[in-house]
Amino acid sequence: MSSASSRTAAARTSGSNRPLLLTLVIVGAAALNLVLFFVFRAAGAEYANASGMVVGAANVLIMSVVPLLIGLVAVVLLSRRWPSLLRIGRWAGAALALLTIGMTAAAGFDTLGFTGLALMHVVVAAGVLVALRPGVPAQR
């Protein structure tokens, strides 16, 4: 049996850890982003952009949970048919989270607000890298 087929067989017969990992990553990223939000707010971050839109805790939760949930679940489900999608999705998802920091920069937040929001993007990127890491058995 080749190394690749033995890894595939092991992934099929072992427990299903990926759904638990996705749940922990999504909840952990949301919690950490809320902590960042409140820490930076206590430090004086305004969280109001140049057009007057104010970012609140609910916005942070929604923008942390929804993209992670949709993206991670889609990649994991599609990777059952196309296993290489895990590797592609891992790096593309993390890059997308980091590249969207540019949208935050363009929105015109104060320095502390921008820094807090940018760190939240980094948390999401790290979450994608952890959730889609190789070696975690997929759901059977």
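Is phenylalanine 38 buried, exposed or partly exposed? In this predicted model, phenylalanine 38 has a relative accessibility of 41% and therefore counts as partly exposed, since the buried class ends under 20% and the exposed class begins over 50%. Phenylalanine 37, with a relative accessible area of 0%, is buried.

The overall make-up of the chain gives the setting for these residues. The secondary structure comes to 6 helices and 0 strands, and from the N terminus on the elements run α-α-α-α-α-α. Of the 140 residues, 34% count as buried. The accessible surface of the chain is about 8100 Å², and carbon and sulfur atoms account for 71% of that area. Among contacts with a separation of 6 or more, 77% are between residues 24 or more positions apart.

A search of the whole structure for aromatic pairs finds 2. In one of them, the ring centres of phenylalanine 37 and phenylalanine 38 are 5.0 Å apart and the ring planes stand at 80°, so this pair is edge-to-face. In the pair of phenylalanine 37 and tyrosine 47, the centres are 4.6 Å apart and the planes are at 25°; the pair is therefore stacked, as planes under 30 degrees apart count as such. This stacked pair links distant parts of the chain, with phenylalanine 37 in helix 2 (residues 18–42) and tyrosine 47 in the loop between helix 2 and helix 3 (57–79), 10 residues apart. Both phenylalanine 37 and tyrosine 47 are buried. Through these ring pairs, Phe37, Phe38 and Tyr47 are linked into a cluster.

Tyr47 also appears in the largest nonpolar core, which has 29 residues; Tyr47, Leu68, Leu72, Met120 and Leu132 are the members that touch the most others. At least two residues of this core come from each of helix 2, helix 3, helix 4 and helix 6. The largest contribution is that of helix 2, with 9 residues. In soluble globular proteins, nonpolar side chains tend to be buried together. For leucine 68, the contacts beyond its neighbours within four places in sequence are Ile26, Ala29, Val73, Val124 and Val128.

Helix 4 (residues 85–99) has 15 residues and extends 20 Å from its first C-alpha to its last, close to the 21 Å expected at 1.5 Å a residue. Its buried residues are Leu86, Gly89, Arg90, Ala94 and Ala97. These residues cover an arc of only 120° around the axis, and so they lie on the same side of helix 4. An α-helix has 3.6 residues a turn, so residues three or four places apart point the same way. The cover over the buried residues of helix 4 includes helix 2, helix 3, helix 5 (101–106) and helix 6 (111–131). On the face turned away from the buried side, helix 4 carries the exposed residues Arg87, Trp91, Leu96 and Leu99.

Leu99 can also be placed relative to valine 122, a residue of helix 6. Valine 122 and leucine 99 are 23 residues apart in sequence, and their C-alpha atoms are 9.9 Å apart in space. When neighbours within four places in sequence are left aside, valine 122 is in contact with Leu98 and Ile101. Valine 122 has a relative accessibility of 39% and therefore counts as partly exposed.

Conventions. Residues are numbered from 1 along each chain as its sequence is written. This is a predicted model: local features need pLDDT of at least 70, side-chain atom pairs count only at pLDDT 80 or more; totals for chains, interfaces and linings use all residues. Side-chain values use heavy atoms; hydrogens and water are left out. Rings of Phe, Tyr and Trp (its six-membered ring) pair if their centres lie within 6.5 Å; planes under 30 degrees apart count as stacked, over 60 as edge-to-face and the rest as tilted. Buried means under 20% relative accessible area, exposed over 50%, partly exposed in between (1.4 Å probe, protein chains only). Helices (H or I, at least four residues) and strands (E, at least two) are DSSP runs, numbered from the N terminus. The expected span of a helix is 1.5 Å times one less than its number of residues. The arc is that of the directions from the helix axis to the C-beta atoms. Contact means heavy atoms within 4.5 Å. Accessible areas come from the Shrake-Rupley method with a 1.4 Å probe; for residues, only the protein chains shown count as cover. A nonpolar core is a set of buried Ala, Val, Leu, Ile, Met, Phe, Trp, Tyr and Cys residues joined through side-chain atoms within 4.5 Å.
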